[in-house]
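Me: Got a model open and want to talk through a few spots in it. Can you take my questions one by one?

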Amino acid sequence: NYDEGFDIDEGVVLYLRLNKEHPEDAAVCKILMNYTHLDMAPLLLWELKFLPLAVGWFERATICTTLSIHNSNPDSSRRILEESKEVFQSRILTALYEFV
């Protein structure tokens, strides 16, 4: 257990649990947890060439809206992204609209 006997920041414990419980999705979920808007401006240098990659990244990231991690109490858990699918779709559309 990460928080036994140590005074570890709650956010750090959350990331450690995410790494342990969902290692294949942890990086993508952490990006979404920390950035409500993903700036696509650096990718626009290549015009539409990166659009399929951005779409694929968001498709893969959709799993973060359904994943849960366990809290200190093994009987309780929380969703990784505390937002509805509609809000997540809005984030996707906002980011992809920058390509237009």
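What follows is a short back-and-forth on a predicted model.

Me: Let's start with empty space. How many cavities of 30 Å³ or more does the structure hold?
Reply: Rolling a probe the size of a water molecule over the atoms shows where empty space is left. With the cut-off put at 30 Å³ or more, the number of cavities in the structure is one.

Me: And how much space lies in the largest cavity?
Reply: Its lining is made up of Tyr35, Thr36, His37, Leu38, Phe58, Arg91 and Ala95. The space inside comes to about 30 Å³.

Me: How do the residues of that lining divide into nonpolar, polar and charged?
Reply: Tyr35, Leu38, Phe58 and Ala95 are among the lining residues, and Tyr, Leu, Phe and Ala count as nonpolar. Thr36 and His37 line the cavity too, as does Arg91, and Arg counts as charged. So the split, going by those classes, is four nonpolar, two polar and one charged.

Me: Arg91 caught my eye. Which side chain does Arg91 meet in a salt bridge?
Reply: A search of the whole structure turns up two salt bridges. One of them joins Arg78 and Glu82, at 3.4 Å from N to O. In the other pair, 3.1 Å apart from N to O, the side chain meeting Arg91 is that of Glu83.

Me: Is Arg91 buried or exposed?
Reply: Buried means under 20% relative accessible area. Arg91 has 12%, so this residue is buried. Its partner Glu83, at 16%, also counts as buried.

Me: What about the other bridge: is Glu82 buried or exposed?
Reply: Arg78 has 26% relative accessibility and counts as partly exposed. Exposed means over 50%. Glu82 has a relative accessible area of 58%, so Glu82 is exposed.

Me: Over to the loop between helix 2 and helix 3. How far apart in space are Ala41 and Ala95, C-alpha to C-alpha?
Reply: Ala41 is in the loop between helix 2 (26-34) and helix 3 (51-61), and at 38% relative accessibility it counts as partly exposed. Ala95 is one of the residues lining the cavity. The two are 54 residues apart in sequence, and their C-alpha distance is 9.5 Å.

Me: Which residue has a positive phi although it is not a glycine?
Reply: Most residues other than glycine have a negative phi. The one to look at here sits in the loop between helix 2 and helix 3 and counts as exposed at 60% relative accessibility. With a phi of about 55°, the residue is Glu47.

Note on methods: Residues are numbered from 1 along each chain as its sequence is written. This is a predicted model: local features need pLDDT of at least 70, side-chain atom pairs count only at pLDDT 80 or more; totals for chains, interfaces and linings use all residues. Side-chain values use heavy atoms; hydrogens and water are left out. On a 1 Å grid over the protein atoms alone, a cavity is a set of points where a 1.4 Å probe fits but cannot get out, and a pocket is an open set with protein on both sides within 12 Å along at least five of seven lines; lining residues have an atom within 4 Å of a point. Grid points are joined across faces, edges and corners, and a volume is the space filled by probe spheres set on the points. A salt bridge is a side-chain nitrogen of Lys or Arg within 4 Å of a carboxyl oxygen of Asp or Glu. Buried means under 20% relative accessible area, exposed over 50%, partly exposed in between (1.4 Å probe, protein chains only). Helices (H or I, at least four residues) and strands (E, at least two) are DSSP runs, numbered from the N terminus.
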